[in-house]
Amino acid sequence: MPTPLKLDRVAHSEHYRERTEPIKYIILHCSLGTPEEQIKTLDELGLSVHYIIGRDNTTTEVLPPSLVAYHAGISRWQNSKGKSLNECSIGIEIETQTLGQSPADYQIGVMKKLYSLLNALCRKYKIRRENILGHSDIAPTRKPDPGAAFPWKKLYQYNLGIWYSLRRLDKETDEEKLLNTIGYDITDLSAARYAFCRRYLPEEVFVEQDIQKLLESPYPAGFAPQNKDKYMHILRAVSFSFAEERRKTYWYLEK
């Protein structure tokens, strides 16, 4: 039996279209402002999202997943076709104060709401756990969210998302091939590296106090990890984990 969606509020955006492709991904975003403020801002920009989790530990549905929301923008993953993942994804915004740069943005109450929502969505729409991604994963040149403080390892402990073991490494040693195997668009290698570090090696990521500057420049041009050996070791481990997970089958994915 599917896990029921537990909603605290239901809003409605006028910015959507009918969905014509199966849902494959869940994209995690974070923004400043309350859910009400975010809805107002999105509406003014002609954008939308499916759900917003507030710092008051509430979940607001802005659009049902049966409709396409305008949340991903120009984006790619695993050499996907087309300009955007909007058509095949669900977008979730999380209210933060530092755009995901501080652990305080992801307190226990907020994360419990997220775990519950993700679990319900994955089962209802048969979404693979490795396809829970950050906005910075799919748009590394444009977006910094959900930020280096997002607890991906903790998410994995709830059987959501992907983490790694340093005891299991991809045999490949070419950086670009490894990033591409995971799913990153490597057109801008520096951006792909930085997005990877945001998720798996946050000690390499600079905390930018000026949020506007962070939004305008989400990654440093020419970025290269300071600890190249550690970076490559984790990169090989993550690549192995993604490849292994994609080979697995789960009961809830069966039609």
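**Exercise 1. The cavity**

Which elements each supply at least two residues of the lining of the largest cavity? Work out the count, the volume and the lining as well.

*Solution.* The model is predicted, and local features need pLDDT of at least 70, side-chain atom pairs count only at pLDDT 80 or more, while totals for chains, interfaces and linings use all residues. Residues are numbered from 1 along each chain as its sequence is written, and side-chain values use heavy atoms, with hydrogens and water left out.

Step 1 fixes the terms: on a 1 Å grid over the protein atoms alone, a cavity is a set of points where a 1.4 Å probe fits but cannot get out, whereas a pocket is an open set with protein on both sides within 12 Å along at least five of seven lines, and lining residues have an atom within 4 Å of a point. Grid points are joined across faces, edges and corners, and a volume is the space filled by probe spheres set on the points.

Step 2 applies the rule, which gives one cavity of 30 Å³ or more, and the largest cavity has a volume of about 30 Å³.

Step 3 lists its lining: Gly-134, Ser-136, Asp-137, Pro-146, Gly-147, Trp-152, Ala-195, Arg-198 and Arg-199.

Step 4 assigns these residues to elements, where helices (H or I, at least four residues) and strands (E, at least two) are DSSP runs numbered from the N terminus. The elements that each supply at least two lining residues are α3 (135-138) and α6 (189-200), and α6 gives the largest share, three residues.

Step 5 sorts the lining by class, with Ala, Val, Leu, Ile, Met, Phe, Trp, Tyr, Cys and Pro counted as nonpolar, Asp, Glu, Lys and Arg as charged, and the others, Gly among them, as polar. The result is three nonpolar, three polar and three charged residues.

**Exercise 2. Helix α6 and its rings**

Describe the span and burial of α6, and then the pairing of Phe-196 with Tyr-200.

*Solution.* Step 1 takes the span: α6 has 12 residues and reaches 16 Å from its first C-alpha to its last, close to the 16 Å expected at 1.5 Å a residue, where the expected span is 1.5 Å times one less than the number of residues.

Step 2 takes burial, for which buried means under 20% relative accessible area, exposed over 50% and partly exposed in between (1.4 Å probe, protein chains only). Because 12 of the 12 residues of α6 are buried, the helix is largely enclosed by the rest of the structure. Phe-196 has 0% relative accessibility, and Tyr-200 has 3%.

Step 3 turns to aromatic pairs: rings of Phe, Tyr and Trp (its six-membered ring) pair if their centres lie within 6.5 Å, and planes under 30 degrees apart count as stacked, over 60 as edge-to-face and the rest as tilted. The structure holds 12 such pairs. In one of them, the ring centres of Phe-196 and Tyr-200 are 5.2 Å apart with the planes at 40 degrees, so the pair is tilted. These two residues of α6 stand four residues apart, about one turn of the helix.

Step 4 widens the view, as Phe-196 and Tyr-200 belong to one aromatic cluster with Trp-77, Trp-163, Tyr-164, Tyr-184, Tyr-231 and Phe-242.

Step 5 returns to the cavity lining, where both Trp-152 and Arg-199 appear. Arg-199 lies over the face of Trp-152, at 3.8 Å from the ring centre; a charge sits over a ring if NZ of Lys or CZ of Arg is within 6 Å of the ring centre and within 35 degrees of the ring normal.

**Exercise 3. The largest pocket**

Which element gives the largest share of the lining of the largest pocket?

*Solution.* Step 1 gives the space, about 550 Å³. Step 2 counts 25 lining residues, of which Ser-31, Leu-42, Leu-47, Glu-93 and Lys-143 lie nearest the centre of the pocket. Step 3 names the elements that give two or more residues, namely β3 (25-32), α1 (35-45) and α7 (211-216), and the largest share, five residues, comes from α1. Step 4 divides the lining into 12 nonpolar, eight polar and five charged residues.

**Exercise 4. Backbone details**

Locate the cis peptide bond, and place Asn-57 and Leu-99, which have positive phi.

*Solution.* Most residues other than glycine have a negative phi, and most peptide bonds are trans. Step 1 finds the cis bond between Asp-145 and Pro-146, with omega about 10 degrees; Pro-146 is in the loop between α3 and α4 (152-157) and also lines the largest cavity. Step 2 takes Asn-57, whose phi is near 65 degrees, in the loop between β4 (51-53) and β5 (59-61); at 35% relative accessibility, Asn-57 counts as partly exposed. Step 3 takes Leu-99, with a phi of about 60 degrees, in the loop between β7 (89-96) and α2 (108-125); Leu-99 is buried, with a relative accessible area of 6%.
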